[in-house]
Amino acid sequence: MRQAFRSPWWLPVLSGIFIGTSYIPFPPWASLFCFVPLWQFWQSQDRLRPVLLSGILTSFIYTMIGFNWVTYTLHEFANVNWLVAAIGMLIFAAFGHLFLPIAGLAWFYVRRSLGASRGISFALMAVLTALAEFYVPMLFKWNFGYSWYGAGLPLYQWAEIVGFAGLSMLTVLANLAVLYAWQHRGQRAGKTAAVAIVLGFAGLNAGGLWLKNRLPAADDALDVLLVQANIGNLQKQSMEHGKGYRAEILTQYFQATDAGLADNPDIDFVMWSETAFPALLGGEYNQSQYADLLQQFVRNRQLALLTGAYAKDEHNAITNSLFVIDETGTVTEPHYSKTILLALGEYIPFADVFPWLKTALPMVSQFGRGPGPTLLLRLNGFDMGPQVCYESLFPEFSKGLADLGAQFIVNVTNDSWYGSWQEPYQHLYMTLARGVEFRRPVLRATNTGISTVSLADGTVLPLSPLDTSWAGSYHVPFSKQPASTFYQRHFHLMPGLLWSGLVLLVIAGLRGRVAKSLKNRTET
């Protein structure tokens, strides 16, 4: 048993545990040293196979810890039993986050071609890991910057400068400093490095507080009522497949809204969640029975409404859309339709090439795509940047809205498929992160939670309860003409710096190789 624990393969296992338990909803306790064991394992390898396998092992473990909600999703959404859902989870854990084995592959061949020294080799690991995390496609991006926001540590305010992707890169690079301090822990250099790490971490948090406090005061404000009606998955699935429940769902939203208005009558508009209105809206569909009920409800209460609904595009495809309805009950145009669709949730990859996939996966919808971040929704003088659910994970999408002059971002979401422990909190902070990067409030209305508002300084207002019918009023200060942030203006700065660092490391490695070759010739 003792010999087993001495196996070097415990190092990638440790990294997997460290990474997985440092991601939301866990505190980022090991974020600054989570890669150290894996990198030490890589450095001791002279064959590619263990480097790749260790990367896959680490990824598998942290995905099992940080994304085990995929099991619940497969059980709920795909209607499979728990055994099949567990097998699906294992497959996702094996292939869902492959940036580490890809980073290991790149490092192995770069190190071998350069004959890099130990120091340059470790530096290459850090830079290539950060680049791979940024570029390798993932269904759910594993971003190490979000954990600082989830924990409420002020250093997340630096996202205004480098974005949360930049914070993720810096977190990965910080592991290199910790590795150096650990390897030289018995020497003065190692102790000095440890002190520098502590002081640097404290300085970044102090700087984060300064960034927050220097923000200009808001010059306007709004009052919004967020409503989550807590519609169950069975109801939503039955409704989406034409099996009823439309009247019941609409009634639940009416009742939850009236309950919220009773306590909070003075609001600027009400906001419902993704596909809250259980029928088509827009064009001819504004004359339907359910659209008429909705417009009467709005008109009778003299309130404006922002709601998710279904629509049809010019190709007659169903879209997942976001509509504004004014106080008179008029459905205003243009509406926004979701552009970034969730694979195997809102479309089937390659279904156009292999039509049989639609028959094999009948539970997966085939939505049409919207126009991207090319329009703002306007209501009572507010310029709102629309997002639907998954789109909040992509900073370039929110940048497009900010470039258009959005005063705040409105995000509608349905997280009812993911359970109540991990995913709702992960998705929450991924969504609110965009407000920090571009210094705009984010208004988030969900079906089952978590609904809330974050302010331009990153402050998160009270969270709604999970899996509960609820309505809450929020007072939201905002800027009429928000200034662009440094990150917004220099969106590609951090990856550019990383590429520059990689080039410098390669040059240093080549120089070292040439110097070593000349020395060997001189000695012979």
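This report describes confidence, aromatic pairs, salt bridges and selected surface residues in a predicted model of one protein chain.

**Confidence**

Across the chain the mean pLDDT is 91, and 93% of the residues reach 70 or more. Confidence is lowest in helix α1 (residues 2-5), where the mean is 56, and highest in strand β10 (residues 452-454), where it is 98. Where pLDDT is low, the predicted coordinates should not be read in detail.

**Aromatic pairs**

The structure holds 40 aromatic pairs. In one of them, the ring centres of W29 and F33 are 5.8 Å apart and the planes stand at 75 degrees, so the pair is classed as edge-to-face. W29 is partly exposed, with a relative accessible area of 47%, and F33 is also partly exposed, at 28%. A further edge-to-face pair is formed by W69 and Y418, with 5.3 Å from centre to centre and 90 degrees between the planes. This pair links distant parts of the chain, since W69 belongs to helix α5 (residues 69-77) whereas Y418 is found in the loop between β8 (408-413) and α17 (423-438), 349 residues apart. Both W69 and Y418 are buried, and both belong to one aromatic cluster that also contains Y23, F35, W39, Y62, F67, F92, F99, W142 and F144.

**Salt bridges**

The count of salt bridges comes to seven, and the table gives three of the pairs with their N to O distances.

| Acidic residue | Basic residue | N to O distance |
|---|---|---|
| D383 | R378 | 3.0 Å |
| D403 | K399 | 2.8 Å |
| E437 | R434 | 2.8 Å |

How exposed or buried are the residues in these pairs? R378, the partner of D383, is exposed, with a relative accessible area of 53%. D403 is partly exposed, at a relative accessible area of 46%, and D403 and its partner K399 both lie in helix α16 (residues 395-403), four residues apart, which is about one turn of the helix. E437, by contrast, is buried, with a relative accessible area of 0%, and R434 likewise counts as buried because its relative accessibility is 1%, where the cut-off for burial is under 20%. E437 and R434 both lie in helix α17, three residues apart, again about one turn of the helix. Beyond simple pairs, E160, R214 and R439 are linked in a network of salt bridges.

**A nonpolar patch and a loop proline**

On the surface, L83, I87, I91 and F95 make a nonpolar patch of about 450 Å². Of these residues, L83 lies in helix α6 (residues 82-95) and is exposed, with a relative accessible area of 62%.

P373 is found in the loop between α15 (356-360) and β6 (377-379), and with a relative accessible area of 26% it is partly exposed. Which residues does P373 contact, leaving aside its neighbours within four places in sequence? The contacts of P373 are with F397, G400, L401 and L404. The C-alpha atoms of P373 and E396 are separated by 9.0 Å, although the two residues are 23 residues apart along the chain.

Methods. Residues numbered from 1 in each chain as written. Predicted model: local features only at pLDDT ≥ 70, side-chain atom pairs only at ≥ 80, totals over all residues. Heavy atoms only, no water. Helix = DSSP H or I, 4+ residues; strand = E, 2+ residues; numbered from the N terminus. Buried < 20%, exposed > 50% of the residue type's maximum accessible area, 1.4 Å probe, protein only. Contact = heavy atoms within 4.5 Å. Patch = residues over 30% accessible without salt bridge, like charges linked within 9 Å, V, L, I, M, F, W, Y side chains within 5 Å. Areas by Shrake-Rupley, 256 points an atom, 1.4 Å probe, with all protein chains shown as cover. Salt bridge = Lys/Arg side-chain N within 4 Å of Asp/Glu carboxyl O. pLDDT = per-residue confidence, 0-100. Phe/Tyr/Trp six-rings, centres within 6.5 Å; stacked < 30°, edge-to-face > 60°.
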